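Welcome, and thanks for taking a look. Please open the model and keep it beside this report as you read.

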Amino acid sequence: MVFDTFGVVAIAAASVSGFVFGAAWYGILGKVWMRAANLSEAATKPSAATMIIGFVCQTVMVLTMAGVMWHTAATTIRAGMITAVFIWVGFVVTTMIVNHRFQGQKWSLTFVDAGHWFGVLMIQGGMLGALSH
């Protein structure tokens with residue numbers, strides 16, 4: 001079972017690590033992201049509810065990745081990172097490209113956001129692999 005392989009500590013660590021990475025990523029690239037998204041600084045201040053939703057969604061991502069890794073019996077750091085790349089390429093970045101093109105968004109927004117999710121998934125996959133039983 002997934003939770004026999006990936007305990008609560010692994011799930012929590014991967015969720016928190018991915019969330020912290022996001023804060024650092026947008027802390028560094030925030031101005032670039034705001035210009036690409038055509039947003040003012042005031043418009044980018046998240047509410048507590050938005051932050052909670054973001055963390056819950058990242059936890060769902062971790063649980064989903066843990067499920068994929070468990071079903072493939074791949075529970076090493078390397079396997080977690082390979083799983084992350086496949087999920088990113090196959091689902092995340094492709095979805096973002098389609099959405100951003102139909103929304104008329106700039107490619108720079110896609111690059112900033114896609115880089116964020118690549119980093120999050122790599123951290124989550126690596127953490128799950130490192131902390132699996």
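Is K45 buried or exposed? K45 is exposed, and its relative accessible area is 58%. Please keep in mind that this is a predicted model.

## Salt bridges

K45 is a good place to begin, since it takes part in a salt bridge with E41. The closest N and O atoms of that pair are 3.8 Å apart. E41 itself counts as partly exposed, with a relative accessibility of 43%. Salt bridges with shared partners join K31, E41 and K45 into one network. The structure holds two salt bridges.

The other pair to look at is K31 and E41, where the closest N and O atoms are 3.4 Å apart. K31 lies in helix α2, residues 8-37, while E41 lies in the loop between α2 and α3 (48-71), so this salt bridge ties together parts that are ten residues apart in sequence. K31 is exposed, at a relative accessible area of 51%. As general background, side chains of opposite charge can pair when their charged atoms come close.

## The largest pocket

How much space lies in the largest pocket? About 930 Å³. Its lining is made up of 23 residues, and Y26, W33, T44, P46 and M51 are the ones that lie nearest the centre.

Helices α2, α3 and α5 (107-131) each supply at least two residues of this lining. The largest share comes from α2, which gives eight residues. Sorted by class, the lining of the largest pocket has twelve nonpolar, eight polar and three charged residues.

## The second largest pocket

The second largest pocket holds about 180 Å³ of space. Its lining consists of M61, T64, M65, I87, F91, V92, W117 and L121. The elements giving two or more residues to this lining are α3, α4 (77-103) and α5.

Which classes of residue make up the lining of the second largest pocket? Seven residues are nonpolar and one is polar, with no charged residues.

## The nonpolar core

Now to the largest nonpolar core, which has 19 residues. F6, M65, L121 and L128 have the most contacts inside this core. Helices α2, α3, α4 and α5 each supply at least two of the core residues, and the largest share, six residues, comes from α4.

L121 is worth a stop on the tour. Leaving out residues up to four places away in sequence, L121 touches M61, M65, A84, I87, W88 and V92. L121 and M65 are among the core residues with the most contacts, and both also appear in the lining of the second largest pocket.

## V112 and its neighbours

V112 is found in helix α5. At 7% relative accessibility, V112 counts as buried. Which residues does V112 touch, not counting residues up to four places away in sequence? They are W25, Y26, L29, V32 and W33.

One of these neighbours shows how the chain comes back on itself in space: the C-alpha atoms of V112 and V32 are separated by 7.9 Å, although the two residues are 80 apart along the chain. Y26 and W33, which V112 also touches, are among the residues that lie nearest the centre of the largest pocket.

For a contrasting pair, try Q103 and M61. Q103 is found in helix α4 and counts as exposed, at 52% relative accessibility. From C-alpha to C-alpha, Q103 and M61 are 24 Å apart in space, with their positions 42 residues apart in sequence.

## Backbone angles in two loops

Two residues deserve a look for their backbone angles. Most residues other than glycine have a negative phi. N38 has a positive phi of about 55 degrees although it is not a glycine. N38 lies in the loop between α2 and α3, the loop that also holds E41. At 59% relative accessibility, N38 counts as exposed.

Where does A73 lie? A73 sits in the loop between α3 and α4. A73 is not a glycine either, and its phi is positive, at about 55 degrees. A73 is exposed too, with a relative accessible area of 66%.

Conventions
Residues are numbered from 1 along each chain as its sequence is written. This is a predicted model: local features need pLDDT of at least 70, side-chain atom pairs count only at pLDDT 80 or more; totals for chains, interfaces and linings use all residues. Side-chain values use heavy atoms; hydrogens and water are left out. A salt bridge is a side-chain nitrogen of Lys or Arg within 4 Å of a carboxyl oxygen of Asp or Glu. Helices (H or I, at least four residues) and strands (E, at least two) are DSSP runs, numbered from the N terminus. Buried means under 20% relative accessible area, exposed over 50%, partly exposed in between (1.4 Å probe, protein chains only). On a 1 Å grid over the protein atoms alone, a cavity is a set of points where a 1.4 Å probe fits but cannot get out, and a pocket is an open set with protein on both sides within 12 Å along at least five of seven lines; lining residues have an atom within 4 Å of a point. Grid points are joined across faces, edges and corners, and a volume is the space filled by probe spheres set on the points. Ala, Val, Leu, Ile, Met, Phe, Trp, Tyr, Cys and Pro count as nonpolar, Asp, Glu, Lys and Arg as charged, and the others, Gly among them, as polar. A nonpolar core is a set of buried Ala, Val, Leu, Ile, Met, Phe, Trp, Tyr and Cys residues joined through side-chain atoms within 4.5 Å. Contact means heavy atoms within 4.5 Å.
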